[in-house]
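Please describe how this protein chain is put together, for someone who is meeting the structure now.

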Amino acid sequence: MKIVILSRKASLYSTTALAEAGRTRGHVVEVINPLRCYMNITSHSPSIHYKGERVEAVDAVIPRIGASITFFGCAVVRQFEMMGVYSLNESIAITRSRDKLRSLQLLSRKGIGLPVTGFASSTKFTGDLIDLVGGAPLVVKLLEGTQGIGVVLAETRHAAESVIQAFQGLNANILVQEYIKESRGTDIRCLVVGGKVVAAMRRTAGKGEFRSNIHRGGSAAPIKITPEERSTAVRAARIMGLNVCGVDLLRSNHGPVVMEVNSSPGLEGIEKATGIDIAGKIIEFIEKNAKPGKTKTRGKG
């Protein structure tokens, strides 16, 4: 097959691992920067061009779309879909998962365990918003934040009010969530491929930090997850419509709760922590499922 990886940087670990896994299995793999693509929007022959040439004869595309380029990146993925190319994660599923508020609403509707979450744009009733999530301590998150950026732990009510008002004074969209004390600065990243959890790791926050993201200095170790945690991760991926994703869970006193579903999960931390060839499993999934025109939406929605 000819596989295109949409990635802004070919040297990134995840991009390199996927490219090597594809080539090892005899496929032609090309890494394309989605921001350098340009498209011909036409009814009869939609096309994508890159570096002066038309991108043709592609069997599958692997989107590695960063949060900062979601809009244009997903437009490129959608164009591939309209050309009948199989996309590992479809454009509509990526945009759905990138909207943290929409994701939580969809997961909540299907009964997935979540932290108690509030959302508002006006600071007039900040006190009531804080009460809705059980009071301080609580976590305030920017909707557009990634890798732990824009996530603040407010340990007192006064601090919570100040942080909320500061964010909203900047016209930033925020979520306010209960703080799961019993997680003790750890979370679980489950890597889902094709409806199965293929690897799981426990991430632990660094000293003096409550965010467990590896980008924030957290450490990772393999972990054995419970059947309930496995089921929660698989259901969350299915609700988002993602074939491949990272599902971040916290262990709470009332069972696993989902913090986030990541449509472009990094592979380095979890591959090194578990020793599992996740990139290879992703390529194997594509081999079994990539068929011309086999997309659910064909770029619609």
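The report below goes through the domains, the two sheets, the helix contacts and two details of the backbone.

## Domains

The model described here is a predicted one. According to the domain assignment, the protein has domain 1 (2–92), domain 2 (117–179) and domain 3 (182–284).

Between domain 1 and domain 3, the centres, taken over C-alpha atoms, lie 25 Å apart. The contact between them brings 17 residues of domain 1 together with 17 residues of domain 3, and the area buried there is about 1300 Å², with carbon and sulfur atoms giving 57% of it.

## The four-stranded sheet and its helices

One open sheet has four strands in the order β8-β11-β9-β10, and their pairing is antiparallel. At its edges are β8 (117–120) and β10 (151–154), each of which pairs on one side only, and neighbouring strands of this sheet are turned against each other by 25° on average, when direction is ignored.

Within this sheet, β9 and β10 run antiparallel and are joined by four bridges, and Val 139 is found opposite Leu 153 in β10. Helix α4 packs on the sheet, where α4 touches β8, β9 and β11 (174–178) and takes a direction that makes about 45° with that of β11. Helix α6 (residues 157–169) also lies across strands β8, β9, β10 and β11, and α6 runs at about 10° to β9.

## The five-stranded sheet and its helix

Another open sheet is formed by five strands in the order β14-β13-β12-β15-β16, again with antiparallel pairing. Strands β14 (219–222) and β16 (255–262) stand at the edges with a single partner strand each, so one side of each has no neighbour in the sheet. From one strand to the next, the twist averages 30°.

Four bridges pair strand β13 (residues 196–204) with β14 in the antiparallel sense, and Thr 204 stands opposite Ser 219 in β14. Helix α7 (residues 227–240) packs on this sheet, touching β12 (186–193), β13, β15 (244–252) and β16, while the direction of α7 makes about 35° with that of β16.

## Helix contacts

How are two packed helices described? The description uses the angle between their axes and the distance between the axes. Helix α2 (residues 70–82) packs with helix α3 (residues 91–98) at an angle of about 160°, and their axes are 8 Å apart; because of this angle, α2 is roughly antiparallel to α3. In this contact, Thr 70, Cys 74, Val 77, Arg 78 and Glu 81 of α2 meet Ser 91, Ile 94, Thr 95 and Arg 98 of α3, and the residues divide into three nonpolar, three polar and three charged.

Helix α3 also meets helix α4 (residues 100–109), and here the axes come within 5 Å and cross at roughly 95°, which means that α3 is roughly perpendicular to α4. On the α3 side of the contact are Arg 96, Ser 97 and Arg 98, which meet Lys 100, Arg 102, Ser 103 and Leu 106 in α4. By class, this contact has one nonpolar, two polar and four charged residues.

## Two details of the backbone

Where does Pro 137 lie? Its place is in the loop between α5 (126–132) and β9 (138–142), and the peptide bond that joins Ala 136 and Pro 137 is cis, with omega about 0°.

Lys 51, in the loop between β4 (47–50) and β5 (53–54), has a positive phi of about 55°, although Lys 51 is not a glycine.

Terms used:
Residues numbered from 1 in each chain as written. Predicted model: local features only at pLDDT ≥ 70, side-chain atom pairs only at ≥ 80, totals over all residues. Heavy atoms only, no water. Axes fitted to C-alpha atoms, helices over the stretch in contact; angles between N-to-C directions. Parallel < 35°, antiparallel > 145°, perpendicular 65-115°, else oblique. Contact = heavy atoms within 4.5 Å. Nonpolar A, V, L, I, M, F, W, Y, C, P; charged D, E, K, R; others polar. Pairing = 2+ DSSP bridges. Domains from an automatic or database assignment. Buried area = accessible area lost by both parts, 1.4 Å probe.
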